[in-house]
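Trainee: I should like to work through the secondary structure and the charged pairs of this model. May we begin with the structure on display?

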Amino acid sequence: MPKATPFTKGSIIYFSGDKDERIFILQKGMILLTSADIETGNPVTEHIREGEFFGVKSALGHSPREETATVLTDSITISMTVAEFEKLFSSNKQIIMKMLRVFSNQLRAVHKKSESILSSGKEVNVQNGMLAVAQSFYDEEQYRSCCDVCLKFLKLYATSAAKDQVVRLYADAKLRMDKMQHRVNRIEETTTADMSGAMKQFSLPAFARFAKTFEPGSVIISEYEPGQTFYLIQSGSVQLVKCANGSRKNLDILRPGEFFGEMAILENSPRSATCVAIDTVEVLEFNKENFEVLITGNPQIALILLKLFCKRIYDQKRRLRILVISDLSARIADVFLMFDEMTPPVNPNDKVRRFSLTIPDISHWAGLPLEAVRDEVNKLVEKRKIEVFDNYIIVNNIVDMKRLVDSRRTQRAS
């Protein structure tokens, strides 16, 4: 049962970094949330007033607290577990939609900061950006994906000055795709992932009209195109990729039960990544118009989305903390720390770590040119800090990596 707890002025409800999966509502008084700006290290404050929630993101996302909650005046809070929150508020569409919009805006803000660092602040024209996505697929011999992006471009921008260039790119990619069709056929014969038991609720006849199937290599949504729909994967796998400086960067692989394209239902902005079917993919496609109707009758969908936003916000902020480190060796060390946090060792006292990372992977996560990463990695190898193999890297002492990162962050703060 939710529990009412009094707090005296000046007391701390929780500290930044705590692992605490309670969600709070302020019943009486005032609470101050204090965190540090990822880029500058300067304090960021937010006042919580009566009737407002706090602690939601870290609880639903199962991540450490990112702020400290300080009591400004004698206060009373109502605390609840995630299960209690779901039971009490899953059917309250107004509260869930408000949280979704707030978290969507926060996720978009973190995306923009990361993109600004990676692109040196340069704005990308939407049409040029979409053309670059198609070209990047062509350059990497992903001709089916290239064709799909070209067709999306031509449908959206039929009068574009780049139309002829896109038509030529499409024709060339289509010719090459046809020659490689036998390879695609072999891929289609692979077994796709089964729907998990948790997704049975979406196999009801009422959802049949939302069903769509995509063949291997199909571009379901393209970076830079307008967002009108979002998707729930029923079977198969979807790869999230991003075009940066003309090359394709792999961001994530999504599996049955996961959503993608969900920010389109909450804000009017271009797609921030391209989503490609790895194998035969079955999805449910929803749009802005039917979303609110959908969650009214199926509140569990909104809760899944809410948890997804919370996790993604934490993940994106974690990567942003890497990107703002100016020292190259410390930035690379923080990549190792991030992966160590994602896959904690069985024995915490063991300082040796093995990560399934390559130098190109580090280049992606650190947002650094490949040659710069090679130079820094070679320095770490010479110092016997790490050992590099074809498909993995061994860190001989993860504590050394933490010391390096902490020392550079301390220098920045001072």
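Mentor: This is a predicted model, in which local features need pLDDT of at least 70, side-chain atom pairs count only at pLDDT 80 or more, and totals for chains, interfaces and linings use all residues. Residues are numbered from 1 along each chain as its sequence is written, and side-chain values use heavy atoms, with hydrogens and water left out.

Trainee: Which residues of helix α2 are buried?

Mentor: Buried means under 20% relative accessible area, exposed over 50%, and partly exposed in between (1.4 Å probe, protein chains only). Helices (H or I, at least four residues) and strands (E, at least two) are DSSP runs, numbered from the N terminus. Within α2, which spans residues 82–89, the buried residues are Val82, Glu84, Phe85, Glu86 and Phe89.

Trainee: What is the strand order of the open sheet of four strands?

Mentor: Two strands pair if DSSP finds at least two bridges between them. The pairing in this sheet is antiparallel, and the order is β7-β14-β9-β12. Pairing on one side only marks the edge strands, β7 (211–214) and β12 (259–260).

Trainee: How many bridges join β9 to β14?

Mentor: Strand β9 covers residues 229–235 and β14 residues 281–287, and the two run antiparallel. Among the bridge partners, Thr229 is matched with Asn287 and Phe230 with Phe286. The number of bridges joining β9 to β14 is six.

Trainee: Why is β9 described as largely enclosed by the rest of the structure?

Mentor: On its other pairing, β9 is joined to β12 by two bridges, with Phe259 as the bridge partner of Leu232. The enclosure of β9 follows from its burial, because the buried residues number seven of the seven.

Trainee: Which parts does the salt bridge between Lys113 and Asp37 tie together?

Mentor: A salt bridge is a side-chain nitrogen of Lys or Arg within 4 Å of a carboxyl oxygen of Asp or Glu; the N to O distance for Lys113 and Asp37 is 3.8 Å. Lys113 is partly exposed at 32% relative accessibility, and Asp37 is partly exposed at 21%. The pair ties together parts 76 residues apart in sequence: helix α3 and the loop between β3 and β4 (43–48).

Trainee: Are Lys242 and Glu223 buried or exposed?

Mentor: These two residues form a salt bridge, with the closest N and O atoms 2.9 Å apart. Lys242 lies in strand β10 (residues 238–244) and Glu223 in the loop between β8 (219–221) and β9. Both Lys242 and Glu223 are buried.
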